[in-house]
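Visitor: I am new to this structure and would like a close look at just one part of it. Please show me the surroundings of a bound ligand, and then lead me outward from there.

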Amino acid sequence: MPIAFPAAEGHVRAAPGKARQWAMVIDLRKCDGCKECTLACQTEHALPKSFEWIKVFEVKDSQGGKYFMPRPCFQCENAPCLRVCPTGATFRDEEGVVLVDQVDKCIGCRMCMEHPVPQIKGTVGKCMFCVHRTDDGKLPACVEACAMEALYIGDLVEDVATNGNETVRLSTFLKENDAFRYKEDLGTGPRVYYIAGHGQLLDN
Amino acid sequence: MDARTRGLYVERALWPIGRGDRNFWLAVGGLSALVALGLYAYVYQLQNGLWVTGLNQKVSWGFYIINCVFFIGISYGGAMTGAILRLTNAKWRAPLTRLAEATAVAALLVGAVFPIIDLGRPDRFINVILYAQVGSPIVWDVVAIGTYLVASLVFLYLPLIPDLAIARDLLGSRANVLGKVYGMLSLGWRGTHAQERALARGVGILAVLIIPLAISVHSVLAWLFAVTSRGAWHSTIFAPLFVLAAVLSGVAAVILVIAALRKVYGLQAFITAKHFRYLSYLLIALGMGYLYFMISEYLTEGYVAAEEIAPVLESIFVGQYAPSFWAFAIGGLVLPLFIAGLPGRYPVARACLASILVIAGMWLKRFLIVVPGMAGPIMPWEWGRYSPTWVEIAITVGAAAAIPLMLIVFFRFFPVMSVHELDEIEGVEPAPRLAPAFAGGEE
Ligand code: SF4
Ligand code: SF4
């Protein structure tokens with residue numbers, strides 16, 4: 001079952017001084033669990049069905065209700081998966097995206113997968129914030145595919161984010177909607193923010 | 001100490017050399033078939049990728065990592081037994097050290113291969129050296145295992161030198177080509193006082209060195225787990241726990257190897273029930289130590305029952321992994337202590353039974369560390385599954401068969417007991433000087 005993983009290939013790095021710092025915002029109030037994001041990602045990256053770089057969880061909250069939680073890679077600023085890599089195949093580019101060099105360096109030891117970095121094929125692959133698309137000024141495949149407009153891609157430097165339809169001031173948007181980061185207490189500095197709204201515990 | 005007794009143990013130690021009776025070929029044939037099966041499975045895996053294993057995105061470490069920890073653990077016990085017996089100058093060690101040290105090397109060679117079998121891209125293994133990132137536990141592993149491998153090879157070789165000289169002198173007629181090899185490997189050993197002193201110093205230094213080296217190897221293996229963000233692994237006691245587990249399973253393996261070769265090569269006169277009783281005491285002390293460490297770990301974690309650990313512990317104590325856990329805790333840890341420890345008849349048989357149980361139990365324990373820790377949820381709704389395929393099972397069986405195979409083949413060419421150490425303990429002067437008749441081949 002040979003599969004192509006275009007992950008880190010062909011990614012042109014941002015010119016010095018112009019680097020963006022990518023982040024994602026996921027509005028849990030809007031997500032209806034349709035998994036279009038997962039599908040779009042699998043199509044974009046030619047992944048088999050069992051590889052969900054963005055995985056949509058169905059979560060039961062403490063009140064007995066339920067909501068959906070899409071989880072891409074969090075692109076942590078202090079990424080543990082990057083620290084444990086023996087060959088430096090896992091690295092952060094200038095735009096803050098954690099990438100895996102599958103072409104030359106990754107030896108497939110899966111040490112990084114002890115930390116939540118999924119997917120195998122000889123080498124390890126993961127959500128890479130579609131850097132090949134953002135380089136061309138396009139939205140990540142999942143953001144583009146989400147009909148509920150629940151996913152936002154944003155830039156911490158310019159302080160904007162967009163779901164393809166509306167564009168928001170990132171910091172204000174996060175603040176006004178009490179955004180949280182999943183397992184922030186681990187100190188890894190995730191670059192993915194969640195907006196709650198279904199009675200879920202905010203610190204979770 | 002008369003010449004007859006010496007003749008007896010020299011004869012016994014050298015007896016297997018160059019002999020190949022029917023049983024020998026049967027054993028070699030059977031074991032080789034199993035190893036070949038393992039190799040076939042590995043080639044199949046190389047061609048098709050890790051897809052053919054039961055490993056998946058959630059549980060991405062399984063049998064191979066378990067086996068790596070398990071076999072290196074066994075090796076460690078062999079090295080420690082050899083080193084401790086030397087350092088404490090235990091007189092009863094003489095007929096055992098060679099077997100313990102050879103077991104250490106054989107098990108290590110097998111264990112060290114497993115991280116490579118586990119790689120998705122073994123062809124790129126060299127990257128670990130080319131692009132080494134000092135912060136990665138995998139790099140620590142490669143350095144630690146590499147150093148330890150060299151040390152344990154030297155640790156096997158040094159005490160072998162005088163024996164090689166003895167074999168060279170005695171087997172001149174029986175082994176022509178071999179005689180030359182012995183001559184080369186024995187580095188012109190004549191048993192002069194200067195040589196004796198140098199050898200004693202070398203072996204002494206290594207015996208001291210090999211202990212921290214082996215401890216470092218197993219600590220690093222433990223840190224492979226403990227430095228991750230997985231709750232069930234993120235434990236300070238992991239390194240000492242791994243070290244103790246290693247010595248425990250290693251001593252058990254040494255007991256089995258000694259019992260088997262004692263029987264096959266007829267060494268009953270030299271390795272007696274007393275040796276097995278002493279080794280049993282060692283096994284019991286280590287087993288009790290392990291029990292204590294384990295209770296300490298589970299109690300502190302289970303009492304607080306943090307969100308990410310509680311479901312894993314639950315699955316181990318009462319959930320899907322409970323059968324393995326209780327089989328290990330009762331059958332593989334507590335029961336063997338009684339079997340080996342109670343006074344009574346059949347000390348050898350009881351030591352062997354206890355050892356088999358301990359070894360099986362320690363394999364299960366490694367399974368219980370790796371798999372539930374992996375399958376357990378990172379996000380609270382996400383359990384993984386793992387069931388190994390025939391590929392992983394075949395490779396595991398092949399690897400296990402490789403250890404006795406290597407030992408049998410090794411002892412077909414090298415003395416199974418250290419004649420030189422037996423001489424020392426029995427108070428015989430270095431062979432060539434006491435018995436010039438034996439030194440015929442020299443000069
Ligand atoms: S496509 Fe949008 S709405 Fe559908 S599961 Fe993904 S995030 Fe939720
Ligand atoms: S950003 Fe790209 S790689 Fe990441 S989940 Fe979305 S589509 Fe997949």
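Guide: Gladly! A residue is near a molecule if one of its heavy atoms lies within 4 Å of it. Please keep in mind that this is a predicted model.

With that rule, the residues around ligand 2 are A:Cys41, A:His45, A:Trp53, A:Ile54, A:Cys127, A:Met128, A:Phe129, A:Cys130, A:Pro140, A:Ala141 and A:Cys142. By character, this shell divides into 10 nonpolar residues, one polar and no charged.

Let us step from the shell into a helix. A:Cys41 from the shell is also listed among the buried residues of α1(A), together with A:Cys37, A:Thr38, A:Ala40 and A:Gln42. These buried residues pack against three elements of chain A: β2 (55-60), α4 (141-145) and β8 (151-155). Just after α1(A) comes A:Ala46, with a positive phi of about 55 degrees.

One of the buried residues of α1(A), A:Cys37, also leads to another ligand. Around ligand 1 are A:Cys31, A:Asp32, A:Gly33, A:Cys34, A:Lys35, A:Glu36, A:Cys37, A:Val56, A:Pro70, A:Cys146, A:Met148 and A:Leu151. Here the shell divides into eight nonpolar residues, one polar and three charged.

Now look at how α1 is linked to another helix. Side chains of opposite charge can pair when their charged atoms come close. A:Glu44 and A:Arg133 do this in a salt bridge, 3.1 Å from N to O. A:Glu44 lies in helix α1 and A:Arg133 in helix α3 (residues 131-134) of chain A, so the pair ties together parts that are 89 residues apart in sequence. How open is each partner to its surroundings? A:Arg133 has a relative accessible area of 8%, so it counts as buried, whereas A:Glu44, at 27%, is partly exposed.

Another pair starts ahead of α1. A:Lys30 and A:Glu166 form a salt bridge, with their closest N and O atoms 3.7 Å apart. A:Lys30 is in the loop between β1 (22-27) and α1 (36-44), and A:Glu166 in the loop between β9 (160-162) and β10 (167-169), so distant parts of chain A, 136 residues apart, are linked. Both ends are partly exposed: A:Lys30 has a relative accessible area of 24%, and A:Glu166 one of 34%.

Back at the shell of ligand 2, A:Phe129 opens a further path, as it is one of the contacts of A:Arg191. A:Arg191 sits in the loop between α5 (170-176) and β11 (192-195) of chain A. Its relative accessible area is 6%, so A:Arg191 is buried. Leaving aside neighbours within four places in sequence, A:Arg191 also touches A:Gln21, A:Trp22, A:Ala23, A:Met24, A:Phe74, A:Gln75, A:Glu77, A:Arg92, A:Glu95, A:Gly96 and A:Leu156. Elsewhere in this chain, A:Arg20, A:Asp155 and A:Glu158 are joined in a network of salt bridges.

It helps to set these details in the whole of chain A. The chain has five helices and 11 strands. Of its 204 residues, 58% count as buried. Among contacts with a separation of 6 or more, 56% are between residues 24 or more positions apart. The accessible surface of chain A comes to about 8,700 Å², and 52% of that belongs to carbon and sulfur atoms.

Last, a glance at the other chain we can visit, chain B. Here B:Arg98 and B:Asp163 meet in a salt bridge of 3.1 Å, N to O. B:Arg98 belongs to helix α4 (residues 97-117) and B:Asp163 to helix α7 (residues 160-170), distant parts of chain B that are 65 residues apart. B:Arg98 is buried at a relative accessible area of 1%, and B:Asp163 is likewise buried at 1%. Over all chains, the count comes to 16 salt bridges.

On the surface of chain B, a nonpolar patch of about 550 Å² is made by B:Leu34, B:Leu37, B:Tyr40, B:Trp390, B:Ile393 and B:Val397. The elements giving two or more residues to this patch are α2 (22-48) and α15 (390-413) of chain B. B:Leu34, for one, is in helix α2 and is partly exposed at 33% relative accessibility.

Conventions. Residues are numbered from 1 along each chain as its sequence is written. Chains are lettered from A and ligands numbered from 1 in the order in which they are written. This is a predicted model: local features need pLDDT of at least 70, side-chain atom pairs count only at pLDDT 80 or more; totals for chains, interfaces and linings use all residues. Side-chain values use heavy atoms; hydrogens and water are left out. A salt bridge is a side-chain nitrogen of Lys or Arg within 4 Å of a carboxyl oxygen of Asp or Glu. Helices (H or I, at least four residues) and strands (E, at least two) are DSSP runs, numbered from the N terminus. Buried means under 20% relative accessible area, exposed over 50%, partly exposed in between (1.4 Å probe, protein chains only). Patches are made of residues with over 30% relative accessible area and no salt bridge: like charges are joined within 9 Å, nonpolar side chains (Val, Leu, Ile, Met, Phe, Trp, Tyr) within 5 Å. Accessible areas come from the Shrake-Rupley method with a 1.4 Å probe; for residues, only the protein chains shown count as cover. Ala, Val, Leu, Ile, Met, Phe, Trp, Tyr, Cys and Pro count as nonpolar, Asp, Glu, Lys and Arg as charged, and the others, Gly among them, as polar. Contact means heavy atoms within 4.5 Å.
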